[in-house]
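Subject: Structure for you to look at

Hello,

Here is the structure I promised to pass on. Please open it first, then read my notes with it on your screen.

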Amino acid sequence: MKPDVKEFFDEPTNTYSYVVTDPETKVCAVVDSLLDFDQASGRTSTESVDKLIAWVKSEGLKVDWIIDTHVHADHLTAAPYVKAQLGG
């Protein structure tokens, strides 16, 4: 099996999130999802991760795994939000 990898680039943090999919089963993993964070206000938003979620839904994928590969000093994880929206 050769997985499909879709990357989502977040310019403000200069980081990538990924969706890695088995094209045969349409099962995927979401890797290093992130919340948007405004330092001036201290508020978070889901604008970036909502694009990833919309893409997963449009492709008819089933999320089995949500993975953070390391502690993120450069952004906040959106893993709990992704789980609430897509399962995993």
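**What I found**

Asp-32 sits in the loop that links β3 and β4. Its phi is positive, about 60 degrees, although Asp-32 is not a glycine. Is Asp-32 buried or exposed? Its relative accessibility is 7%, so Asp-32 counts as buried. Please keep in mind that this is a predicted model.

**The whole chain**

How many helices and strands are there? The protein has 2 helices and 7 strands. Follow the sequence and you meet them in the pattern β-β-β-β-β-α-β-β-α. Five strands are followed by a helix, then two strands, then a helix.

Now the overall dimensions. The C-alpha atoms fill a box of roughly 45 × 20 × 20 Å along the principal axes. The radius of gyration is 13 Å. A compact globule of 88 residues would have one near 12 Å, so the two values agree.

Next, the inside and the surface. Buried residues make up 33% of the 88 residues. The protein exposes about 5600 Å², and carbon and sulfur atoms supply 52% of that area. Take the contacts with a separation of 6 or more. Residues 24 or more positions apart account for 52% of them.

Charges come next. There are 8 positive and 15 negative charges in the protein. The mean positions of these two groups are 6 Å apart.

**From β1 to β3**

Start with strand β1, residues 4–10. How many bridges join β1 to β2? The number is 7, and the two strands run antiparallel. One pair to find is Asp-4 with its bridge partner Thr-21 in β2. β1 and β2 form a hairpin with 4 residues between them. In that turn, Asn-14 has a positive phi of about 55 degrees.

Move on to β2 and β3. These strands also run antiparallel, joined by 5 bridges. Look again at Thr-21. Cys-28 in β3 stands opposite Thr-21. So much for the pairs; now the turn. The hairpin of β2 and β3 has 4 residues between the strands.

Which residue in this hairpin takes a positive phi near 65 degrees? Lys-26 does. Lys-26 lies in the loop between β2 (15–22) and β3 (27–31). Like Asp-32, it is not a glycine. Lys-26 has 34% relative accessibility, so it counts as partly exposed.

**The sheet around β4**

Which strands form the open sheet, and in what order? There are 3 strands, in the order β5-β4-β7, and the pairing is antiparallel. β5 and β7 stand at the edges. Each has a single partner strand, so one side of each is left without a neighbour in the sheet.

Look at the two pairings in turn. β4 covers residues 34–38 and β7 covers residues 76–77. They are joined by 2 bridges. Leu-35 has Leu-76 in β7 as its bridge partner. On β4's other pairing, 3 bridges join it to β5, residues 43–45. There, Asp-38 stands opposite Arg-43. The hairpin of β4 and β5 has 4 residues between the strands. Here Gly-42 takes the positive phi, near 75 degrees.

**Two residues to compare**

Leu-34 belongs to strand β4. Is Leu-34 buried or exposed? The cut-off for buried is under 20% relative accessible area. Leu-34 has 4%, so it is buried. What does Leu-34 touch, leaving out residues up to four places away in sequence? Its contacts include Asp-10, Thr-13, Thr-15 and Ser-17. Ser-48 and Val-49 are also among them, as are His-75, Leu-76, Thr-77 and Ala-78. Take Val-49 as an example. Leu-34 and Val-49 are 15 residues apart in sequence, and their C-alpha atoms are 6.2 Å apart in space.

Then find His-70. His-70 is in the loop between β6 (62–67) and β7. Its relative accessible area is 44%, so His-70 is partly exposed. His-70 and Arg-43 are 27 residues apart along the chain. How far apart are their C-alpha atoms? The separation is 23 Å.

Best wishes

Terms used: Residues numbered from 1 in each chain as written. Predicted model: local features only at pLDDT ≥ 70, side-chain atom pairs only at ≥ 80, totals over all residues. Heavy atoms only, no water. Rg over C-alpha atoms; globule rule 2.2 N^0.38 Å. Buried < 20%, exposed > 50% of the residue type's maximum accessible area, 1.4 Å probe, protein only. Contact = heavy atoms within 4.5 Å. Areas by Shrake-Rupley, 256 points an atom, 1.4 Å probe, with all protein chains shown as cover. Lys, Arg positive; Asp, Glu negative; His and termini not counted. Charge placed at Lys NZ, Arg CZ, Asp CG, Glu CD. Pairing = 2+ DSSP bridges.
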